[in-house]
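The following exchange examines one protein chain through questions and reasoned answers. Each answer closes on the value or name requested.

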Amino acid sequence: MKTPTRPNPTESITLPRRPVLAALAALAGLGLWRAAPSMAAERAVVIPPPKDDQAAAGAASETAVLAGGCFWGVQGVFQHVKGVSSAVSGYAGGDAASANYDAVGLGNTGHAEAVRITYDPRQISYGHLLQIYFSVAHNPTELNRQGPDTGTQYRSTIFPANAEQTRIAKSYIAQLDKAKVFGKPIATTIEPLKAFYPAESYHQDFMTRNPDHPYIAFNDLPKVDNLKRVFPDIYRAKAALVGSGA
């Protein structure tokens, strides 16, 4: 399915739009409609922290790669988490040749839209990142989709960087499933991290740069609101942006 484009007045590029809400976006472009965050979205699920978490921090910086549907929203959520120094939208699961938006959008590359999170484990643990991921960043019970977006590129997947992350992720999924906190089984897969490929520059900091974009207003801004409400101790108002000019 082709995605229509909408000019960005601050840049000389065109921005991709998810197929859903195209009609509303057209009205917004004509000034006939304005999206409101309160009209959206996915509700947060309050879940317990992981019983099995990261050992005492030895390094000042570690990375986590998570996929949970459209990377605009996942990136936007983690950019507002204390202890996260960087959250980069990109692709994981496939090869370098197909790591681009047009190819990944076909749904047959093996890639998922993912976010590479660089964090300070002395401030926030890997398990706490997973708690945010499962609770407010996406719906882990949806298989090969998130909300309006369908296809394997939107799958819920954890790409562990090492054996410790694999252990924590498997243990936490088992813990949440046993507690039946979602009412349905978790569909999140755990896949080896072959490589992470940053997405095109126009995808980075998309939520911050385009808060009135209908897709963002309906699907993603409410996730940040949920982060602030459910995890007030780790929420920060200023996002850790990829681009200094964003």
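**Questions on the predicted model**

Q: Is glutamine 175 buried or exposed?
A: In this predicted model, glutamine 175 has a relative accessible area of 12%. Residues under 20% count as buried, so glutamine 175 is classed as buried.

Q: Which backbone oxygen does the side chain of glutamine 175 reach?
A: Glutamine 175 is placed in helix H5. Leaving aside residues up to four places away in sequence, it touches Pro48, Pro49, Pro50 and Lys51. At 3.0 Å, the side chain of glutamine 175 reaches the backbone oxygen of proline 49.

Q: What parts of the chain does the salt bridge between arginine 167 and aspartate 52 tie together, and how many residues apart are they?
A: The closest N and O atoms of arginine 167 and aspartate 52 are 2.5 Å apart, and the two residues form a salt bridge. Arginine 167 lies in helix H5 (residues 163–179), whereas aspartate 52 lies in the loop between helix H1 (22–29) and strand S3 (62–68). The pair therefore ties together parts whose separation in sequence is 115 residues.

Q: What exposure class do arginine 167 and aspartate 52 fall into?
A: Arginine 167 has a relative accessibility of 37%, and aspartate 52 has a relative accessible area of 23%. The class between buried and exposed runs from 20% to 50%. Arginine 167 is therefore partly exposed, and aspartate 52 is likewise partly exposed.

Q: Which residues are joined into one network by salt bridges that share partners?
A: Glutamate 164 forms a salt bridge with arginine 167, with the closest N and O atoms 3.7 Å apart. Both residues lie in helix H5, three residues apart, which is about one turn of the helix. Glutamate 164 counts as partly exposed at 24% relative accessibility. Salt bridges with shared partners join into one network Asp52, Glu164 and Arg167.

Q: Which residue forms a salt bridge with aspartate 120, and is that partner, arginine 122, buried or exposed?
A: The count of salt bridges comes to five, and one of them pairs aspartate 120 with arginine 122, at 3.0 Å between the closest N and O atoms. Aspartate 120 is buried, with a relative accessible area of 10%. The partner is arginine 122, and at a relative accessible area of 59% arginine 122 is exposed.

Q: What is the geometry of the aromatic pair formed by tryptophan 72 and tyrosine 215?
A: The count of aromatic pairs comes to five. For tryptophan 72 and tyrosine 215, the ring centres are 5.6 Å apart and the planes make an angle of 85°. Angles over 60 degrees count as edge-to-face, so the pair of tryptophan 72 and tyrosine 215 is edge-to-face.

Q: Which distant parts of the chain does the pair of tryptophan 72 and tyrosine 215 link?
A: Both tryptophan 72 and tyrosine 215 are buried. Ring pairs link Trp72, Phe206 and Tyr215 into a cluster. Tryptophan 72 and tyrosine 215 are 143 residues apart, and the parts they link are helix H2 (residues 71–78) and helix H7.

Q: What separates the C-alpha atoms of tyrosine 235 and phenylalanine 78?
A: Tyrosine 235 is found in the segment after helix H7 (214–230) and is buried, at a relative accessible area of 17%. Not counting residues up to four places away in sequence, it touches His80, Lys82, Val224, Leu227 and Lys228. Tyrosine 235 and phenylalanine 78 are 157 residues apart along the chain, and their C-alpha atoms are separated by 9.2 Å.

Q: How many of the residues of helix H4 are buried?
A: Helix H4 comprises residues 126–137 and is mostly covered. Its buried residues include Tyr126, Leu129, Ile132, Phe134 and Val136. The number buried, out of twelve, is eleven.

Q: What percentage of the contacts with a separation of 6 or more is accounted for by residues 24 or more positions apart?
A: The protein chain contains seven helices and ten strands. Buried residues make up 51% of its 246 residues. Among the contacts with a separation of 6 or more, residues 24 or more positions apart account for 79%.

Notes
Residues numbered from 1 in each chain as written. Predicted model: local features only at pLDDT ≥ 70, side-chain atom pairs only at ≥ 80, totals over all residues. Heavy atoms only, no water. Helix = DSSP H or I, 4+ residues; strand = E, 2+ residues; numbered from the N terminus. Buried < 20%, exposed > 50% of the residue type's maximum accessible area, 1.4 Å probe, protein only. Contact = heavy atoms within 4.5 Å. Phe/Tyr/Trp six-rings, centres within 6.5 Å; stacked < 30°, edge-to-face > 60°. Salt bridge = Lys/Arg side-chain N within 4 Å of Asp/Glu carboxyl O. Polar contact = N/O pair within 3.5 Å; in protein donor to acceptor, adjacent residues only side chain to side chain.
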